[in-house]
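Reader: I would like a close look at one part of this protein. Please take a single strand, then work outward to whatever surrounds it.

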Amino acid sequence: MDFDSVVVGAGIVGSACAAELARAGMKVALVDIADPGLGATAAGMGHIVVMDDSPAQLALTHYSRQLWDALETSLTPACEYRRTGTLWIAADEEEMQEVLRKRALYTDNGVAAEAITADRLYELEPSLRRGMSGGLLVPDDGVVYAPAVARVLAMQACDAGAVPITGKVTAVGDGRVQLEGGAELRTRRIVVAAGEWSTRLLPDLPIRRRKGHLAITDRYPGMVRHQLVELGYLKSAHSISGDSVAFNIQPRSTGQLLIGSSRQYGAEDSGVDFALMQRMLARATEYMPALADLSIIRMWTGFRAATPNKLPLIGPWTADETVFLATGHEGLGITTSLATAALLSSYFAGRDSTIPIAPYLPANAEAAHA
Ligand SMILES: Cc1cc2nc3c(=O)[nH]c(=O)nc-3n(C[C@H](O)[C@H](O)[C@H](O)COP(=O)(O)OP(=O)(O)OC[C@H]3O[C@@H](n4cnc5c(N)ncnc54)[C@H](O)[C@@H]3O)c2cc1C
């Protein structure tokens, strides 16, 4: 079978790419072992957030968040998209300085952000522990149920003519996608969007697995109103090695609270690490003591696909001119899926994209890795 593009992986990133490419008039196949949205997309938190680890990350997350606003009208209720805003919590005066830095950077870049006092923080989120210094409210961030969005995007791809194919891809390269059982798809462009499994197809990719834990409570409507994240998260999320936990809590539209988060390199077992889970929950109750009385109904883990420069790999793979990457999104792939698809589509069409693709080109990550 011949296609203009074959997208390998129907997580949120691959489904977004297939929808965008099919809408651009390409003959697209979207291949996955399973139904759309069952990889890291099903394990993630679904926080749509502008982050400023680097100028390139700020540009990508901000642009993608704008695309989420545009997608909102075509999402189903199952996607549970809500603009809750993010409330970054400053536990002390040092973190309050970080609030001011972040607010200045965000507003300079057109992202609405408001520094708030401790009194205002408690008005917005009464369950937080007393003694915090204040926070930063980013009102246009949101939350979403990502597996449902992946399914919507895969449906949009099919509505625009993409062909869904269920099967395990065993090899890619030279314009050929090999499927288990011997079938072969031929294409001008193979888009590898297989998340953390991308390295099984392309072993030289600079991607490492980074494990994360999440827990979800029973229903406690109204207890938390915004996505709450400790500013210390920045310190822990940035640490390249070592296990880290941080207070990160999300109100679901069901009234449940999704509690995160942890980051681990080198943990290959997908089981829940109860010692780490305990650390994560202890951190959460430091920020919100009432959590200790809530009932947790489920815990799970997932793996993020992490790159050395903490940016996704979007664009041509240097080792094979028929292979293109849309992978390596680490902890921001739900947020940045839509921008990834838009950048790739513009690249294929030979058009300038809304933001430059250059920082995310795989060649740049290889240089950072070298
Ligand atoms: C604990 C945790 C919390 C997170 N929280 C957030 C958050 O709040 N906000 C955010 O933006 N991001 C978050 N993320 C990150 C986000 O979940 C991922 O970056 C994103 O889901 C990656 O999507 P993907 O489509 O690239 O990969 P995946 O969702 O993993 O999809 C890859 C797909 O490829 C398929 N596949 C793999 N190999 C093959 C093969 N050989 N043949 C055929 N198909 C194949 C798989 O079946 C799968 O469907 C979180 C991640 C974790 C683990």
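**A strand and its surroundings**

Author: Strands β4 and β6 run antiparallel, and five bridges join them. The model is a predicted one. Start with β6 and its partners. Across the pairing with β4, tryptophan 88 sits opposite leucine 136 of β6. Strand β6 also pairs with β5, again in the antiparallel sense, over four bridges. There, threonine 117 faces glycine 134 of β6.

Now the burial of β6. Five of its five residues are buried, so β6 is largely enclosed by the rest of the structure. The residues point in two directions. Gly134, Leu136 and Val138 go one way from β6. Gly135 and Leu137 go the other way. Residues on both sides are buried.

Next, the sheet that holds this strand. Eight strands make an open sheet, ordered β5-β6-β4-β13-β14-β15-β12-β16, with mixed pairing. Its edges are β5 (114-117) and β16, each of which pairs on one side only. On average, neighbouring strands of the sheet are turned by 25 degrees against each other, direction ignored. Helix α4, residues 93-108, packs on this sheet. The helix touches β4 (86-90), β5 and β6 (134-138). Its direction makes about 20 degrees with that of β6.

Move along the sheet. Strand β14 (residues 244-251) and strand β15 (residues 256-265) pair antiparallel over six bridges. Isoleucine 249 has isoleucine 259 of β15 as its bridge partner. Helix α9, residues 274-287, lies across six strands: β4, β12, β13 (227-230), β14, β15 and β16. Against β14, helix α9 runs at about 60 degrees.

Now the domains. The protein is divided into domain 1 (2-51 + 146-205 + 309-369) and domain 2 (83-140 + 208-306). Their centres, taken over C-alpha atoms, are separated by 29 Å. The contact between them takes 15 residues from domain 1 and 19 residues from domain 2. On the domain 1 side, the touching residues divide into five nonpolar, eight polar and two charged.

The ligand comes next. Both domain 1 (2-51 + 146-205 + 309-369) and domain 2 (83-140 + 208-306) give residues to the shell around the ligand, so the ligand lies between them. There are 38 residues around it, and Gly11, Gly39, Gly44, Gly195 and Gly333 come nearest. By class, this shell has 19 nonpolar, 16 polar and three charged residues. Several elements each supply at least two shell residues, including the helices α1 (12-23), α2 (40-43) and α10 (333-349). Strands β2 (28-32), β12 (208-219) and β16 (296-306) each do so too.

Last, a run of hairpins. Strand β9 (residues 169-173) pairs antiparallel with strand β10 (residues 176-179) over four bridges. Glycine 173 stands opposite arginine 176 of β10. Two residues lie between the strands of this hairpin, and aspartate 174 takes a positive phi near 55 degrees. Strand β10 also pairs with strand β11 (residues 184-192), antiparallel, over three bridges. In that pairing, glutamine 178 is opposite glutamate 184 of β11. The hairpin of β10 and β11 has four residues between its strands. In its turn, glycine 181 has a positive phi of about 100 degrees.

Note on methods. Residues are numbered from 1 along each chain as its sequence is written. This is a predicted model: local features need pLDDT of at least 70, side-chain atom pairs count only at pLDDT 80 or more; totals for chains, interfaces and linings use all residues. A residue is near a molecule or strand if its C-beta atom, placed from the backbone, lies within 6 Å of it. Ala, Val, Leu, Ile, Met, Phe, Trp, Tyr, Cys and Pro count as nonpolar, Asp, Glu, Lys and Arg as charged, and the others, Gly among them, as polar. Domain bounds come from an automatic or database domain assignment. Two strands pair if DSSP finds at least two bridges between them. Axes are lines fitted to C-alpha atoms, for helices over the stretch in contact, and angles run from 0 to 180 degrees between N-to-C directions. Two residues are in contact if their C-beta atoms, placed from the backbone, lie within 7 Å. A residue is buried if 20 or more other C-beta atoms lie within 10 Å of its own, exposed if 12 or fewer, and partly exposed in between; C-beta atoms are placed from the backbone.
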